[in-house]
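Reader: I'd like to go through this model with you and ask what stands behind the labels. Shall we start with the chain contacts?

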Amino acid sequence: MNAAPVPADWYLLLSLVLFAIGVVGVLVRRNVIIMLMSIELILNAVNINLMAFSRLWADVNGQVFAIFIITDAAAEAAVGLGIILAFFRNRETLLSDEMDLLKW
Amino acid sequence: MTDALTNGGSPIETTVLGADEIILNMGPQHPSTHGVLRVKLKLDGERVLSTECIIGYLHRGVEKIAEHRSYQQFAPYVDRMDYVAAVSNGLGYCETVEKLLGAEAPPRARVVRTILTELQRIASHLLWLGTHALDIGALTPVFYCFREREEILKIFEKYCGARLTTHAFRIGGLQYETYDEFETDVKRFCDDFSGKVDEYETLLTENRIWVGRTKGVGILSTADAIALGVTGPMLRASGLKWDLRKAQPYAAYDQYEFDIPTGKNGDTYDRYLVRMEEMRQSRRICLQAIENIPSGPIMAKVGKVLKPPPGEVYHSIEAPKGELGYYAVSDGTTQPYRVRVRPPSFINLQALDKMARGALVADLVAIIGTTDIVLGEVDR
Amino acid sequence: MSHLIPPAIAPFVVPVICGIVLVAVFPLLAGYIVLLERKLMADMQARLGPMRVGPHGLLQPIADAFKLLIKEDIIPQGADKFMFYVAPLISVTMALVAFSAMPFGPVFQIADLNVGLLFIVAVGSLGIYGIVLGGWSSNSHYSLIGALRSAAQLVSYETAAGLALVSALLLAGSLSMKDIVQAQADQGVWFIFVVPIGFFIYFVSSIAETNRAPFDLPEAESELVAGYMTEYSGFRWALYFLAEYANMVIVAGIATTLFLGGWLRPFPGNHQHLIGTPFELLDALPSLLFLGVALYCLSLVPRQPVQVQKLFMAGVAGACVLLAAVMALTLFPPFDAAREGVHGAFWFMAKVGGYVYTFLWVRFTFPRYRFDQLMRLGWRFLIPLALVNVLVVSASIVVQQNWEWKHPVVSTVVTTAIMLAVAFWLAEEGAKPEPAPQPADGE
Amino acid sequence: MIDKFLFLFFAVLMIGSAIMMVTRRNIVHSAVYLITTLLATAGIFLQLKAEFLFVVQIILYVGGIMVLFIFVIMLVNLDVAIRMVQFSRQGFVAGILALVLAVQIFLALWIGRAGLPAPAIHAMPPKNTEAVAEALFQHYMLPFEIASILLLVAMIGAVVMAKRRV
């Protein structure tokens, strides 16, 4: 239909920028929920890469791996949010630098 | 006029809250607080930790007004307390003053009073059923109930010209003779009505959702009910067979046969069943009474100016919502020295906290509904 | 005419027109569903319903829409303004976007996606954000509780609904809405007759998903005033309402496509001809139906009190006759191409209407569930039942394919019997009394 | 042409809302911007003709995971959370770190870009869903099962942790 598809390196650049933003988010924010969300951002950047290469090589394996990554993100979010909820109940805070005890 | 009703008398802590606790202010403008009841809830998620009723939004000083009116002048005011059962209020007041005077209404008046009061009980229960079902989410019964209630109100209107605040009785008997088709009207209503109650029961009694929403909700044990002074259908649903119509008969109740339905578990479902059965029993009383209305005068000779001898009297009747008591003190003048009303709603409302603790917000709505309160009576 | 359109744009013309028609017509349609709901409710409750605006209240939706448009738009103090503005838009946009893959007929479909069904389910589930964010941004306890209830309810029931859809998907073997209907045409049976339990599960969960009674806890009037909509007024409130009714039509459309044969007419395999004519008997049904409605309207004309109302009623009758004529006209050979589209759309809408009618009927009949009961119904009854359903249905398919089982009716009866047994067992288990909830700690 | 336009549209949307997400004070706003980012990602997937992943991204990520996030955000006391200091003091260091990382990856890309083949035009198999299913359930059967066990473990873990101590 269209003669000039998007060059592959555009996707890689996009994924790079997203990845960097995610890293900054994890490092800069003190709120654990936002840190968790930044990690989701990083995972998404990876997914874009996988999908781009899947398209490039015309091979669905990349998409399968993207599905695994989404699965992993779901598991991570469930456990992470469970921890955050338990933490908030006990300490009434969401700040990462106040999570300074291994046991309370 | 803020009055805190809490179990044990201590107002709930609203300042110290746990991590998951919130304060929810239900009312005074809320679709299911039946007027202007305001309930302050302490919630843990959706579970009610404690409740605090804040009342007085409809306070009009009815008892104080009584002290500045003659006995007859005060009679219309009592209709405005429990405004969905005005006839019963009027009956209680008239009988109290008659007791104070030492007079007694003639037999014909007593029978007509009984019929009208029982019709009023049916009307009041119908209103309760409709709104209670609406609170629990059944949209349809309310219209069926109002359809039948309308018939009762038509009878009232034909009899005394008013539908809601009827002022149907006078101290000493009745002001109006019954109208010509009174008997046929009441009889027709009663004949239709038993089928209608079955109709409501078809919609609700066996309905799984209804049973799930009401069974085991808002349990009030017999001991608690007695301790809190709860009366009426709520007390009977808790298992105590106590009905003033049988225990200390007034009007013409001693002449008729009827059963007192009681419940076992004292939950919302039992209170529903008790009230449904009471409607049937009221119909039975009406049918018996309408068969044989004695002829004769409708007014005792009490004179135009009422001057009861000094003294005090307490008289109570079984209003639709429970024991409606009037305590009147006369100092020998034309105006009462003091009138104190024991409104059933006000006292039944005290049980709210007992029933609601540990329930969910949705249950609380059912519990407020099943208490059958009228704020006009609670606040007076 | 087609040569006038440049080839680069050509494939977009029909979908864009369809889209515009949908977005333009749907609000009106939603208004009339509301009117229908009120009329039905009135009928079941021994009253008349709206009667003042237009004959039998037929213009009521327009009056309501106008009223809502000119109402004051209240924003509560302390509200998150941006979210408060955006939330209803999210709800309504997502609901309307979901229509894009809905096959209203073999012709009238905006896009036949390879993953059409999943797309509709996915986009439909995004409407939850409108609800949650609206509830949160209102800065009110009632709204927030309503929003949280809504989120929990939607997530739970989506699982059951999804699993119920899987049982039909197994039979169809495709995710494309068009192919699903085609599969039902090829197999000669609507899937509701093959997996009735799956349909039942989807029906119940779809009521819960659209927040309709008896699962309308997020907006339970007697408990939460209006749930997440408590602080909304005027046009924004109307948008939420629009989204709710759009969602109703969407779930009805999904159920119609998957279980009720989509745009196929009843008995698609029956080619009995009307005696002495080249028309198929069942193809003539829509025309006869419209004629019947027209006759009924005409019979109402003399009973209208006002001249204008008489005229209006006659007009409605005329419109019905016109529709009947269109339906009849497309039976003739020159309009073969149009027949599929027109009749398909008619049957689709008729089935959607029937489904929505059942929704309304349920609403007027049942009291409301309590939140824990609702969750128990979802997690302890519907989801296990749906899981077993998927297993049983796939097992029956495997049996049919591998052993050349020639009696689909027998296998349907057997699977349904098994499922019914499981359902009753689950219901019995669920009816057993719960251990009494512990009194709240800390008191 | 249309492809490029779509890509740019989604890319700009994605990066813009990602930046917004990291910089907002209010967690709910952050979450909403993240949702926008994820939806834009889904758009990119669609533009890459991966319909199945497009829908999976919406259903799982946006419809599932983010609902969970929003739910938790609303369960924790927001008023308390917003008043806390939101940004740590290591912003400068973090910026430099991220920049270095980005430059490294960029260089790697730049050097290796010659090795990238020309984009395939019609190479994708037409039936995307079937192809994914084939790969998932045939070649990757074992990883698939392991992933489901991972989910089970996560589910149990989340339930145990979020359960209130009685």
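Author: Sure: the contact between chain A and chain D takes 64 residues from chain A and 77 residues from chain D. This is a predicted model, where local features need pLDDT of at least 70, side-chain atom pairs count only at pLDDT 80 or more, and totals for chains, interfaces and linings use all residues. Residues are numbered from 1 along each chain as its sequence is written, with chains lettered from A and ligands numbered from 1 in the order in which they are written.

Reader: What makes two residues count as "in contact" here?

Author: Their C-beta atoms, placed from the backbone, lie within 7 Å. On the side of chain A that touches chain D, H3(A) gives the most, with 21 residues.

Reader: What makes S7(B) and S8(B) a pair?

Author: Strands are DSSP runs of E, at least two residues, numbered from the N terminus. Two of them pair if DSSP finds at least two bridges between them. Strand S7 (residues 311–319) and strand S8 (residues 322–330) of chain B have nine bridges, in the antiparallel sense, so they pair by that rule. A hairpin of two residues joins S7(B) to S8(B), and Ile317(B) stands opposite Leu324(B) in S8(B).

Reader: How do you know where the domains of chain B begin and end?

Author: The bounds come from an automatic or database domain assignment, which gives domain 1 (3–55) and domain 2 (62–379). Their C-alpha centres lie 29 Å apart. The contact between them takes 17 residues from domain 1 of chain B and 21 residues from domain 2 of chain B.

Note on methods
Helices (H or I, at least four residues) and strands (E, at least two) are DSSP runs, numbered from the N terminus.
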